[in-house]
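Trainee: I would like a close look at one part of this protein. Please take me through the sheet and the core beside the strands.

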Amino acid sequence: MNIKPLADRVLIKPAPAEEKTAGGLIIPDTAKEKPLQGEVLAVGNGTKDEEMVLHTGDHVLYGKYAGTEVELDGEKYLIMRQSDVLAVLA
């Protein structure tokens with residue numbers, strides 16, 4: 001994959017959705033929650049008003065409806081503005 005986000009955007013690979021509950025029940029695809037965390041795969045250069053603070057490899061939390069979903073080589077990714085990211089996981 002060779003994609004470079006522009007300006008203050010980042011490319012995120014969402015974490016996989018939970019397959020089972022704590023009790024061991026299998027969750028069907030139609031009932032799975034959309035994951036709200038993922039890994040930053042690529043970052044833009046930022047803008048003159050907003051410096052990029054996210055880096056490739058950061059694990060982040062983002063809003064439920066944040067970003068635009070894209071599919072590349074059969075994998076789903078999100079492209080969103082850095083400001084749509086809520087937190088970096090330590």
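Mentor: Here is the sheet, followed by the core and two leucines. This is a predicted model, where local features need pLDDT of at least 70, side-chain atom pairs count only at pLDDT 80 or more, and totals for chains, interfaces and linings use all residues. Residues are numbered from 1 along each chain as its sequence is written, and side-chain values use heavy atoms, with hydrogens and water left out.

Start with the sheet. It is open, and 6 strands form it in the order 4-5-1-2-3-6, with antiparallel pairing. Strands here are DSSP runs of E, at least two residues, numbered from the N terminus. Two strands pair if DSSP finds at least two bridges between them. The edges are strand 4 (68-72) and strand 6 (85-89), and each pairs on one side only. On average, neighbouring strands are turned by 40 degrees against each other, direction ignored. The axes behind that angle are lines fitted to C-alpha atoms, and angles run from 0 to 180 degrees between N-to-C directions. In general, strands of a sheet pair through backbone hydrogen bonds, either parallel or antiparallel.

Now follow strand 5. Strand 4 is joined to strand 5 by 5 bridges, and the two run antiparallel. Across that pair, Glu 71 stands opposite Lys 76. The hairpin of these strands has 2 residues between them, and Asp 73 takes a positive phi near 55 degrees there. Strand 5 also pairs with strand 1, in the antiparallel sense, over 4 bridges. Ile 12 has Leu 78 as its bridge partner. Val 10 stands opposite Met 80.

Those last four residues lead into the core. Val 10, Ile 12, Leu 78 and Met 80 are among the 12 residues of the largest nonpolar core. Such a core is a set of buried Ala, Val, Leu, Ile, Met, Phe, Trp, Tyr and Cys residues joined through side-chain atoms within 4.5 Å. Buried means under 20% relative accessible area, exposed over 50%, partly exposed in between (1.4 Å probe, protein chains only). Strands 1, 2, 3 and 5 each give two or more residues to this core.

Leu 54 is also a core member. Leaving aside neighbours within four places in sequence, Leu 54 is in contact (heavy atoms within 4.5 Å) with Val 10, Val 43, Val 60, Gln 82, Val 85 and Val 88.

Compare Leu 61, in strand 3. Leu 61 counts as partly exposed because its relative accessibility is 30%. Its C-alpha atom is separated by 6.1 Å from that of Val 85, 24 residues apart along the chain. With the same neighbours left aside, the contacts of Leu 61 include Leu 36, Val 85 and Leu 89.
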